[in-house]
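Open the structure in your viewer and keep the selection box handy. This tour goes from stop to stop, saying what to select and what you will find there.

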Amino acid sequence: MADFPNFPNCYQIDSKPHKFCPGCGHPIVLKMLGQIIDEMKIAEKVIFMVDIGCSLLAWDFYDLPTTQTHHGRTIPTAVGFKMAAKGKIVVAYMGDGGAYAIGLQHALSACLRNSPITTIVVNNTVYGMTGGQMAPTTMEKEVTTTTPGGKKEFITLQGPELLRQAANRQAYLARGTTDKPLVLKQLLKKGIEAQLKGNFALVEVLSACPTNWKTKAPETIERMKDLSMVFKEGEF
């Protein structure tokens, strides 16, 4: 580990460099989570679960017990594991499609039950791994492979705001961005702490997808600003 002083100790070094596209926000989210796991000294308790999609590229990111689920089924799998092993800290990691499309019913149910797991949703407004199709979070007039004329089919889904209407009062819901990693780190830590107190937590993270946005660095920065205009950051 001496050769990688800036890497969290819970990283799996053999899997680096990571498998995500250049400019992707996932590695930033995962690094912040790794730092939290180290600082809280909870590596021996953490179970990491990843969804199908770009999030599955984190299957060997950490030197932690990791499970990949079917698409959209990460939350119920995490809930089941937590019920069977109450002493573990279970983290469900997924994209906006897995959380708010095929997996939305599970997110709502976990909120209603206040299931004590921590859910991290990386929102880049598209289905990243399959080619950049429209997702529930795709913004108004946003061009994707399935909305070449700009999205106008439905309003943009606001995940934490929607879930707050069903969530237990003690549940922790928040939204951060990879543009502000240290702020994001604090939100993720609160998400872990909420689970330790016996509550459900979901932290959405606004993230870049230059590959499917077809943007270079300056354009990517501007697109991230657009996301922050549409999706309110903070706690809910």
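Start by selecting E39 and K185, whose side chains form a salt bridge with the closest N and O atoms 2.6 Å apart. Please keep in mind along the way that this is a predicted model. The pair ties together distant parts of the chain, with E39 in helix 1 and K185 in helix 6, 146 residues apart. Now switch on a surface: which of these two is buried and which is exposed? E39 is exposed, at a relative accessible area of 53%, whereas K185 is buried, at 11%.

**Along helix 1**

Next, select residues 26-40 to light up the whole of helix 1. If you like a quick check, put a distance label between the C-alpha atoms at its two ends: they are 21 Å apart, which agrees with the 21 Å expected for 15 residues at 1.5 Å a residue. Colour H26, P27, V29, L30, M32, L33, G34, Q35, I36 and I37, which are buried. What covers them? Among the elements lying over these buried residues are strand 1 (46-50), strand 3 (89-95), strand 4 (118-123), helix 6 (181-196) and strand 8 (201-206). Before leaving, step to K41, just after helix 1, where the backbone takes a positive phi of about 55°.

**Into strand 3**

Select residues 89-95, one of the strands that cover helix 1. How many of the seven residues of strand 3 are buried? Seven of the seven are, so the strand is mostly covered. Turn on the side chains and look at the two faces. I89, V91, Y93 and G95 point one way, while V90, A92 and M94 point the other way, and all of them are buried. That is the pattern to expect, as side chains in a regular strand alternate between the two faces of the sheet.

Now add the strands paired with strand 3. Strand 1 runs parallel to strand 3 and is joined to it by five bridges; select F48 to find it opposite V91. Strand 4 is also parallel to strand 3, again with five bridges, and here M94 stands opposite V121.

**More salt bridges**

The structure holds eight salt bridges, so there are others to visit. Select E142 and R223, whose side chains meet at 3.5 Å, N to O. This pair also links distant parts of the chain: E142 sits in the loop between strand 6 (133-134) and helix 5 (159-164), R223 belongs to helix 8 (residues 217-230), and their positions lie 81 residues apart in the count. Both E142 and R223 are buried.

Stay with helix 8 and select E222 and K225, which form a salt bridge at 3.3 Å, N to O. They are three residues apart, and therefore separated by about one helical turn. With a surface on, K225 is partly exposed at 46% relative accessible area, and E222 is partly exposed too, at 43%.

Then select E161, R175 and E204 together: salt bridges link these three in a network.

**Last stop: T215**

Finish at T215, in the loop between helix 7 (210-213) and helix 8. Is T215 buried or exposed? Its relative accessible area of 14% makes it buried. Show what surrounds T215, leaving aside neighbours within four places in sequence, and you will find contacts with P210, T220 and R223. That last residue, R223, is the salt-bridge partner of E142 that you selected earlier.

Notes. Residues are numbered from 1 along each chain as its sequence is written. This is a predicted model: local features need pLDDT of at least 70, side-chain atom pairs count only at pLDDT 80 or more; totals for chains, interfaces and linings use all residues. Side-chain values use heavy atoms; hydrogens and water are left out. Helices (H or I, at least four residues) and strands (E, at least two) are DSSP runs, numbered from the N terminus. The expected span of a helix is 1.5 Å times one less than its number of residues. Buried means under 20% relative accessible area, exposed over 50%, partly exposed in between (1.4 Å probe, protein chains only). Contact means heavy atoms within 4.5 Å. A salt bridge is a side-chain nitrogen of Lys or Arg within 4 Å of a carboxyl oxygen of Asp or Glu. Two strands pair if DSSP finds at least two bridges between them.
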